[in-house]
Amino acid sequence: MSDIIQLLPDHVANQIAAGEVVQRPASVVKELLENAIDADATSIKLLIKDAGKALIQVIDNGKGMSETDARLCFERHATSKIRTAQDLFNIETKGFRGEALASIAAIAHVELKTKPAQQELGTHIKIEGTEVVSQELISTPKGTSIAVKNLFYNIPARRNFLKSNQVETRHIVDEFQRVALVHPDIEFSMYHNENEVYRLNDTNLRQRIVAILGKKTNEKLVPINEETEVLGLTGFVSKPEFSKKKRGEQFFFVNNRFIKSPYLHHAIVSAFDGLLASGFHPSYFLYLTVPTQSIDINIHPTKTEVKFDNEKILYAIIRSTVKHGLGQYNVAPALDFNRDATMDVPYDFKEKQLKSAPTVTVDRSFNPFKTEQQKDIKFPYKREKSQQWESLYVDIEAPKTTIKNIEVESELINNSLFKEEQSISKTHQIHKKYIVSAIKSGIIFINQNLAHQRILYEEYLEQITVNDTASQQLLFPLEINFNNDDILLIKEIQSDIESTGFLFDKIENESLVVKGIPIAISESQVTIVLEQLLDDIKNEIPETSFSQLDVMAKSLAKSLAIKNGSVLSKEEQEDLVERLFLCKEPNHAPNGKPTFISMEINEIDKRFGL
Ligand code: ADP
Ligand code: MG
């Protein structure tokens, strides 16, 4: 047999390596920002176009590169950061694998301009798919600018695999924040399609956190500080009463590197034991310093996972340090355990994928009781005339119901029965959350919150998709503060949000002016509804514009639905039941939970031994 093994040409090897290092535009952002920091820059600017798909550029004022280095930096395993294998155990820089630029150059059009301080002229190199297409001298400021254009231009499959601009931008902002949160002494700015997203001056850690996550963050922070032989831990955790329903603002850094460690995350969260209502998550910004020899950051190309020598000890110290910090600030008395539990309803959009865009026109003749799930519940449901749901309630009380009537189905039901006998109550509210009602086949328990969510969800979805939303103008426009990150998100999805009835005036620097709101909400609810909406959108990461509208409809429904714990009048109970059974899918709330459960009369009989 002839020999068949060959060495891969460099450009192929680089493309393969690129698959590991560069998953999406955000990976490029991370690598370029880290290189700028390793080059001792004090000011770093990030420019993005089209969520990084068209352009990612990082401009720094760091030490720059000589002409030879500028050429060499694109070679694989070309690094100035380690020299021997021994150095691997003592890494103080962000990069060290010498792979990033080679990988990026293999899959994009790259333009590098760089000049060390002591030289008069700099170097300008253009590379396309690993090939140097031009190299010349250039007059340029001290430092380095690397522009990465048309990412994955030569790997269409990867390019097509990229998510919506909104999702990719979200990832980029995440990476930017993770880097900026570690280096408050470095000035950062970020522009997306020429709009300023962040401008961060050099400052201290607390102010940096506030600059990134919004002014409101300041009052929430509890400082954490500990210095032992095995570790240093500094940073902040949120006061428990500011914990969130969604995870999100959880940042853990090890030796100035953003790290995901479920084990140590658990240590932090467990320090909050007994201080958080269930379903709530604390925010944290914690910076762990350990001897470089005691960790291995080499186990993953993106370096977000590390191996610790002494995890158990770290766990114990982190937990007790955070506990101590919380205790010192004596935040426990301020706890509020009476949060509205209905806001905790998990949002299992993922489990309940939309198979296709639902049609939203209300089908007036739809009979919900003919559906699969409900086959066994025989509601004699008739809506032609009165659009009422009384017919569900076959003469429950009427003494004339004799044995013969047991055979009776919907045809014989007389709607007027209940109109005459107002004294017979068809619904009862129990425990301020269930509406109980006898129906022909037995009894149903409707949960008022879940049922109302379903009703509102279908209404909103219809309004939004047919673009027929009513908006109430505010006499005095409201100004609401959001952090820049949220403002960016609002700008991106402004037209979608406006399709729910909100009308915005100015959207700028941490502030949003609202001049119109959906008719279903009151002025005092605006902030909470918008915050919930943004939270939900961030967490769902909707990938198509339809599912985005869907997320909004769900979010509004969740925020505005009648809460468990509210007392409902008879009319309200009946209205709720009627509207529920006019829904296209009355059986489930948008979060997938059942809106009602039923019990057959023979089941009940059985339990009585009848
Ligand atoms: P690594 O960061 O792992 O060393 P990279 O491929 O990211 O590998 O970069 C290769 C080398 O190019 C770096 O070691 C550094 O010497 C040089 N370099 C990259 N970016 C910059 C920059 N912004 N300023 C100065 N030098 C840089
Ligand atoms: Mg690097």
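## Salt bridges across the model

The count of salt bridges in this structure comes to 18. Keep in mind, as you look around, that this is a predicted model. Side chains of opposite charge can pair when their charged atoms come close. A few of these pairs make a good way into the structure.

Let us begin with Lys 216 and Glu 531, which form a salt bridge whose closest N and O atoms are 2.9 Å apart. Lys 216 sits in the loop between helix H7 (205–213) and strand S9 (221–227), while Glu 531 belongs to helix H14 (residues 526–540), so this pair ties together parts that are 315 residues apart in sequence. Lys 216 is partly exposed, with a relative accessible area of 36%. Glu 531 counts as partly exposed as well, at 34% relative accessibility.

## A buried pair and a network

Helix H14 returns in another salt bridge, in which the side chains of Lys 558 and Asp 536 meet at 3.3 Å, N to O. Here Lys 558 in helix H15 is linked with Asp 536 in helix H14, and the two residues are 22 apart along the chain. Are these two charged residues buried or exposed? Lys 558 has a relative accessible area of 3%, so it is buried. Asp 536 is also buried, because its relative accessibility is 0%.

Salt bridges can also be joined to one another in this model: Arg 170, Asp 174 and Asp 485 are linked in a network of them.

## A hairpin of two strands

Next, find strand S7 (residues 187–192) and strand S8 (residues 195–200), which pair in the antiparallel sense over five bridges. One place to see the pairing is Phe 188, whose bridge partner in S8 is Leu 200. Together S7 and S8 make a hairpin, with two residues between them. In the turn, Asn 193 has a positive phi of about 45°.

Arg 199 and Glu 196 form a salt bridge too, with their closest N and O atoms 3.1 Å apart. Arg 199 counts as exposed, at 52% relative accessibility. Glu 196 is partly exposed, with a relative accessible area of 36%.

## Aromatic rings

The structure holds ten aromatic pairs. In one of them, Phe 251 and Phe 258 meet edge-to-face, with 6.3 Å from centre to centre and 70° between the planes. Both Phe 251 and Phe 258 are buried. These two residues also belong to one aromatic cluster, formed by Phe 251, Phe 253, Phe 258, Phe 285 and Tyr 287.

How are the rings of Tyr 263 and Tyr 315 arranged? Their centres are 4.9 Å apart and their planes lie at 40°, so the pair is tilted. This pair links distant parts of the chain, with Tyr 263 in helix H8 (residues 262–270) and Tyr 315 in helix H9 (residues 311–328), 52 residues apart. Tyr 263 counts as partly exposed, at 31% relative accessibility. Tyr 315, in turn, is buried, with a relative accessible area of 18%.

## Buried faces of two helices

Helix H15 (residues 545–560) is also home to Met 552. With a relative accessible area of 0%, Met 552 is buried. Which residues does Met 552 touch, not counting residues up to four places away in sequence? They are Ile 493, Asp 496, Ile 497, Thr 500, Leu 533 and Ile 537. The C-alpha atoms of Met 552 and Ile 464 are separated by 9.2 Å, although these residues are 88 apart along the chain.

Move on to helix H16 (residues 570–580), where Gln 573, Leu 576, Val 577, Glu 578 and Leu 580 are buried. An α-helix has 3.6 residues a turn, so residues three or four places apart point the same way. The buried residues of H16 pack against strands S16 (428–430), S17 (434–439), S18 (442–447) and S22 (596–600), and against helix H11 (448–465).

## A nonpolar patch on the surface

Our last stop is on the surface, where Met 1, Ile 4 and Ile 5 form a nonpolar patch. Together these three residues have about 480 Å² of accessible area. Ile 4 lies in the segment before helix H1 (10–21). Ile 4 is exposed, with a relative accessible area of 61%.

Terms used: Residues are numbered from 1 along each chain as its sequence is written. Chains are lettered from A and ligands numbered from 1 in the order in which they are written. This is a predicted model: local features need pLDDT of at least 70, side-chain atom pairs count only at pLDDT 80 or more; totals for chains, interfaces and linings use all residues. Side-chain values use heavy atoms; hydrogens and water are left out. Buried means under 20% relative accessible area, exposed over 50%, partly exposed in between (1.4 Å probe, protein chains only). Helices (H or I, at least four residues) and strands (E, at least two) are DSSP runs, numbered from the N terminus. Contact means heavy atoms within 4.5 Å. Patches are made of residues with over 30% relative accessible area and no salt bridge: like charges are joined within 9 Å, nonpolar side chains (Val, Leu, Ile, Met, Phe, Trp, Tyr) within 5 Å. Accessible areas come from the Shrake-Rupley method with a 1.4 Å probe; for residues, only the protein chains shown count as cover. A salt bridge is a side-chain nitrogen of Lys or Arg within 4 Å of a carboxyl oxygen of Asp or Glu. Two strands pair if DSSP finds at least two bridges between them. Rings of Phe, Tyr and Trp (its six-membered ring) pair if their centres lie within 6.5 Å; planes under 30 degrees apart count as stacked, over 60 as edge-to-face and the rest as tilted.
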